[in-house]
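Q: Could you give me a close look at one part of this model, the packing of its helices and strands? I would enjoy a connected account that I can follow with the structure open.

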Amino acid sequence: MMSFKRGPSDPNPLVAPSGLTAKDLGNEALAGLFARPGRMVLTVFGTVIGIAALVATLGLSLTAGNRILGRFDELAATEIVVSVKPGPNGPIPGALPWDAADRIARLNGVVAAGNLSVVDVKGVLTRTSQVRDPSGQTAFSLTVEAASPGLFQAIRSELRSGRLPDEGHSARGDRVAVLGPGAALRLGIADVTQQPAIAIGDNRYVVIGILNDVARQPDALGAIIIPEGTARNDFALSGPDKVVIETKIGAATLIAQQAPLALRPDDPAVIKVAAPPEPKRVKDNVQGDLDVLFLLLGGVSLLVGAIGIANVTLVSVIERTGEIGLRRAIGASRWHIAQQFLLESAAMGFVGGIVGASLGTLVVISVSFYQTWTPVMEPAIPLIAPLVGAVIGLVSGLYPALRAARLEPVDALRSGT
Amino acid sequence: MPESLRDSVIELSGVGRRFGTDPPLDALIDVDLTIKRGQWIAIVGPSGSGKSTLLNVLGCLDRQTSGTFLFDGVDVAALNDRQLAGLRSRGIGFVFQSFHLMAHRSVIENVMLADVYRRNTWSGRRERAAAALEQVGLGHRMEFLPTKLSGGERQRVAIARAVMGAPSVLLCDEPTGNLDSVTTASILDLFDGLNQQGLTVVMITHESDVAARAHRSVRMVDGRLTESA
C-alpha cells in the first residue's frame, strides 16, 4: 500500500524547479509525432522534395562535368602535334631535328611520339606492276609519308596484316612500305603473305604491312608510309614536318610547354604546338548554366516544405491545447512545452532531410545509369542534408512553439479533451 | 506556530484575486482557508462564484493578487515560475472533469506521464505506475487505450496519474461531472479510501450530494468563502 504521509526526515523538495530529462523529452516528442503518423508523413513530404531536388542538382552537375572531361580523355586531351612555324619565305626545311621524336619521348608524361612528314615525290606515280593495262588504271598518284617507328603507336594504328617497320629499316634505308587501307584498296593489295611489291616512280618497295585504322592523323589512311631513313635516301627528305605525341592524361599542357625547348633550345619560338584546351575550362563552362535553375527549384520546394511544417505544427498546437494544459498542470514550464514542439518540428525536418538525400542520390544514380555516365557526388552533401532539414524544421517550429508556450494552463485545461 | 504549520497543507489568509479588466473584477475577496493534512474537503458553490479561480490559485496555476498562500509551509508568492512548476509537479495531483488522458497512449503510459517533469530516471517508473493503477483497481487494464475504457475507468486512470508521485494534495475539479450516479459513488469510494491512507483531498463540485461525502464543506458565494458544515 502506498503512503501519502510525508516523513519528518524528508527534505522539502517542493520548491525545486521542475525538470525534463533528454530521454523524457525525446520520448514525449516522438510519441507526439507518431500519434498521427499519416499527417507526419505528409508534412515531411515538402522537405523531402526540396532536399532531394538540391542533392540531385548538386550531384548531377558534378556528374555532367565529369562526363565532359571523360570524353576529352579519350583522344583529344592526350594529343599534341608539334610543327614548325612557316618563315617569311614559306616552310623552313630542316627546322625540326631528325631525332625530334626521341627527344620528346624522353619527356616525363609522354606515352609515344613519332615524326611524320609528307614526302615530295616530284609527281611520280605509284603502281604494282609494269604491265600496262589499257582497260584499267594501273598507276596512281598517292601520298607518300615518311614516319619514324614511334609514329604508329602515337597515332594508335591497328594493323590488318603484316608488321610495322622498325629502327633497322629506317637506319639501313630499306625499301619497305606500309599501306593505309585506302591506298591498299586502290593498289589492289589485300594481303602481305606473298610479299607484294609496289613501285614509286622507278624504285620498288616491299609491302610489309597493311593498316586497318588509325585514331589520329587520318591522312595516313590513304597514304603509303615508308621509313624516314628511306625517304631521306630516295627522296632527299630534308627534315621531319611534325611530331605527333600521345601524352598521359593530364600531361598535355605540361608537355606542350616543354616540347619547344626540348626540340629547339636555341630558338623555341620557331616551334608551333597544337595542344588540347585546358579541360578544366570546358568543365566550368558546362556547370555554370545547369545549376542555377534547379538550385532555385530546390530552394522553393524547401521554402514550401518549411511553411508546411510550420502550418501543421500550428494546427497541432491548437488541437493539443488540452494536452498542453495538462502538461503545465503536472509540472511543465513554458520552456518545456516549447522544447517539445521545437523537437517535434526539427525531427520532421531531419527525417525529411534523410529521405530527401537518399532520393536525390538515387536520382543521380538512375540518371547516370540511363545515360551511362559515372555518378559523381560530393560525399559531404548527403551527410549535411539531414542537418539542413533539421534546421529548417527548427526554424519552422519557432512560431508554433511560442504559441504553445504562451498558452495559459487555466484556459488550456478548460478547452476539453 | 511551527507545529500547526506542519499540520496544515494549505493555508490561505486574506487571499484576493483581482482580474485587470475594466472595471476590475474581484473573483476572490479576502479568502481565509486552512486545510489540515489528511482532510477531505469539498468546495461548493454556484457557477461564477469564484470556485474555479480558487482552484487555480490552490493548484498554483494562477497567483493571488493579495494575501498570503502557504503550501506545505512554502510561501507561494516567493517562488519563480519554474519553482512553481516544480511544486505543481511534486506537491499536487490534479483530477479534471474531462480526464485529460492522451488518447493514443496506453493506460500505463498515461500514468507514467506524471513522472516526466520530475527529472526522475526511468528505473522503477513503470512499476510505480502499475502500483498506482492497482490502487485504483485498474491493474487489469494497463495496456488498454483510454478510448476503450468507460468514463469511470478513465477517471480512475486520471486519479492513478495524480497519486503516482505521492502528492501533498489531490486537487479535483468536478471529478464526477461527466459520470453517472453509480460510477460517481464508486469514484467517491475511491477518494474515501485514498483519504483514509492519509491523502489530503480538495474537491470542487456544484453537486451537494457529492459534497456531502467529504468531511468538511465550504461554500463560495460571490468570491467570498463561508464554512457551511
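A: Happy to. One convention is needed before the helices: an axis is a line fitted to C-alpha atoms over the stretch in contact, and the angle between two axes runs from 0 to 180 degrees between N-to-C directions. Please also keep in mind that this is a predicted model.

Let's begin in chain A, with helix α11 (residues 334-371) and helix α12 (residues 380-406). The axes of α11(A) and α12(A) come within 6 Å and cross at roughly 150°. Angles over 145 degrees count as roughly antiparallel, and α11(A) and α12(A) are therefore roughly antiparallel to each other. The crossing of α11(A) past α12(A) is right-handed. By class, the residues of this contact comprise 24 nonpolar, 10 polar and 2 charged.

Chain B offers a second helix pair, α6 (residues 151-163) and α7 (residues 181-196). Here the axes come within 10 Å and cross at roughly 20°, which makes α6(B) roughly parallel to α7(B). As α6(B) passes α7(B), the crossing is right-handed. If you would like to find the contact on screen, α6(B) brings Gly151(B), Gly152(B), Gln155(B), Arg156(B), Ile159(B) and Val163(B), and these meet Thr183(B), Ser186(B), Ile187(B), Leu190(B) and Leu194(B) in α7(B). Sorted by class, the residues of the contact between α6(B) and α7(B) are 5 nonpolar, 5 polar and 1 charged.

Now for the strands of chain B. Strand β1 (residues 8-19) and strand β2 (residues 25-36) of chain B pair in the antiparallel sense over 8 bridges, and a hairpin of 5 residues joins β1(B) to β2(B). β1(B) also pairs with strand β4 (residues 66-71) of chain B, again in the antiparallel sense, over 5 bridges. Leu12(B) is a handy residue to click on: Leu33(B) in β2(B) stands opposite Leu12(B), and so does Phe69(B) in β4(B). For Ser13(B), the bridge partner in β4(B) is Thr68(B).

Put together, these pairings belong to an open sheet of 4 strands in chain B, with the order β2-β1-β4-β5 and antiparallel pairing. β2 and β5 (74-75) of chain B stand at the edges with a single partner strand each, so one side of each has no neighbour in the sheet. Helix α2 (residues 51-58) of chain B packs on the sheet and touches β1, β2 and β4 of chain B, while its direction makes about 55° with that of β2(B).

From there we can return to chain A by way of the interface, where 37 residues of chain B are in contact with 33 residues of chain A. On the chain B side, the elements that give two or more residues are α3 (81-91) and α5 (125-135) of chain B. The largest share of that side, 10 residues, comes from α3(B). Its residues divide by class into 16 nonpolar, 12 polar and 9 charged.

Finally, a word on confidence. The model scores ipTM 0.92 and pTM 0.68. Chain B has a mean pLDDT of 90, and 97% of its residues reach 70 or more. In residues 1-5 of chain B, though, the pLDDT is below 50, and this stretch has 1 contact in the model beyond near neighbours in sequence. Where pLDDT is low, the predicted coordinates should not be read in detail.

Conventions
Residues numbered from 1 in each chain as written. Chains lettered and ligands numbered in written order. Predicted model: local features only at pLDDT ≥ 70, side-chain atom pairs only at ≥ 80, totals over all residues. Parallel < 35°, antiparallel > 145°, perpendicular 65-115°, else oblique. Left-handed = near helix turned anticlockwise from the far one by under 90°. Nonpolar A, V, L, I, M, F, W, Y, C, P; charged D, E, K, R; others polar. Pairing = 2+ DSSP bridges. Contact = placed C-beta atoms within 7 Å. pLDDT = per-residue confidence, 0-100.
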